[in-house]
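Trainee: I would like to learn how to read strand order and helix packing from a model such as this one. Could we begin with a sheet and work outward from there?

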Amino acid sequence: MKYGARCKAVVAAALLGLLLLSGCAPKGGQTIEIRLGEVARTVFYAPQYVALSQGMFAQEGLDVQLATIPGGDKAMTALLSNQADIALIGAETSIYVYQQGAEDPIINFAQLTQKDGTFLFARQTQDSFDWEKLKQQSFLGQRKGGMPQMSLEFTLRKHGIDPHKDLKLIQNIDFANVASAFGSGTGDYVQLFEPQASIFEKEDRGRVVASIGVESGELPYTVYMAKQSYLNTNSEAAQKFTNAIYRAQQWIAAHSPEQIAEAITPYFKDTELAVLMSSIKRYKEQGTYAMNPMIEEKEWNNLQDVMASAGELKSPVALDKLVNPSFAKQAISSNSIGNTETDVKKSTTEATDTAVDAGGSP
């Protein structure tokens, strides 16, 4: 055997050994490929990137192929047309499909975030913010019927503002281009996800004046969902996927913003570490990341209140029609340390940041 070939063999053997020691090898059987569509590339989805970078999907024997499909409507189209197996979208999209009488309904099976992930961003810095300041101002809004826009309208009405009468609402810009449009000078106010909000603050384009997530309360804002037929025939894959997501949620709760930022850096290569850290800190402080994959009835009902306020809910839909809790329950039961499947969801602010191991893209 030539020296070069011998070296390659040694390196391959060493890498295999490291893989086995790290627990990243599949737990027996063939690797299962899952095509995952996310509605945006945002720090809002940090637990998902942790599951990827820390090998949690790989430990379950999953090969997750991630694609960013901007906009909930487009991501849902990919799911319905079998271009994606699982999609990370707002739970409201599953209700829209159900309202249209789908024979193969979209089922929510694991929650990732439990609050709106957008922040109200003002172009002009203000000594103090009052919601009344929004009246007669131009507001760069989101797509009608999408969760960001509905959460915004729900919040505005709570503060006595009619979004369609009191604002100069701009809604003709595609979801993927909202931030760049604001950056180019369109609108006095806008909703921004992180890390875009932190980036714009760093560039002195304005500042965050309120959190829509805090204002609109807990709801299944972004959820993993799939066709009923997919879950029926791929229940093992769905369970493994949920197991990995739950472990990532626990990892997020137990680590500092700096450690989390380092872990997800591969998915935000053009974003400074300091910006990632400040973004994650905001989300952790307000309890944005769900502590487990369970979708609770009170959250489901709050979602429908938000939809009804926006005029987008034809009639209430019972939780058990579109939510399958079995995968989340099994994940919690099998993967928790000192927890049971009856654990209630707690705010991430209750978790203690401990230094364990840090690791490594709307």
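Mentor: Keep in mind that this is a predicted model. One open sheet is built from five strands, which follow the order β7-β6-β8-β5-β9 with mixed pairing.

Trainee: Which strands stand at the edges of this sheet, each with a single partner strand?

Mentor: To find an edge, look for the strands that end the written order. Here they are β7 (168-170) and β9 (207-211), each of which has a single partner strand, so one side of each is left without a neighbour in the sheet. Direction ignored, neighbouring strands of this sheet are turned by 30° against each other on average.

Trainee: How many bridges join β6 to β8, and do these strands run parallel or antiparallel?

Mentor: Strand β6 (residues 138-140) and strand β8 (residues 189-192) run parallel and are joined by two bridges. To place this pair in the model, you can start from L140, which stands opposite V190 in β8.

Trainee: What is the strand order in the other open sheet, the one that contains β10?

Mentor: That sheet, also open and of five strands, has the order β2-β1-β3-β10-β4, and its pairing is mixed. At its edges stand β2 (62-68) and β4 (106-113), and because each has a single partner strand, one side of each is left without a neighbour in the sheet. The average turn between neighbouring strands of this sheet is 25°, direction ignored.

Trainee: How is β4 joined to β10?

Mentor: β4 and strand β10 (residues 222-227) run antiparallel, with six bridges between them; A110, for example, has Y224 in β10 as its bridge partner.

Trainee: Which helices should I look for against this sheet?

Mentor: Helix α5 (residues 92-99) lies across β3 (86-89), β4 and β10, and runs at about 170° to β4. Helix α11 packs on the sheet as well, touching β1 (32-38), β2, β3, β4 and β10, while its direction makes about 20° with that of β4.

Trainee: At what angle do α2 and α11 pack, and which residues make the contact?

Mentor: Read the angle together with the distance between the axes: helix α2 (residues 46-53) and helix α11 (residues 235-254) pack at about 110°, with their axes 8 Å apart. Since angles of 65 to 115 degrees count as roughly perpendicular, that makes α2 roughly perpendicular to α11. From α2, the contact is made by A46, P47, Q48, V50 and A51, and from α11 by A244, I245, A248, Q249, W251 and I252. Sorted by class, this contact of α2 with α11 has nine nonpolar residues, two polar and no charged ones.

Notes:
Residues numbered from 1 in each chain as written. Predicted model: local features only at pLDDT ≥ 70, side-chain atom pairs only at ≥ 80, totals over all residues. Heavy atoms only, no water. Axes fitted to C-alpha atoms, helices over the stretch in contact; angles between N-to-C directions. Helix = DSSP H or I, 4+ residues; strand = E, 2+ residues; numbered from the N terminus. Parallel < 35°, antiparallel > 145°, perpendicular 65-115°, else oblique. Contact = heavy atoms within 4.5 Å. Nonpolar A, V, L, I, M, F, W, Y, C, P; charged D, E, K, R; others polar. Pairing = 2+ DSSP bridges.
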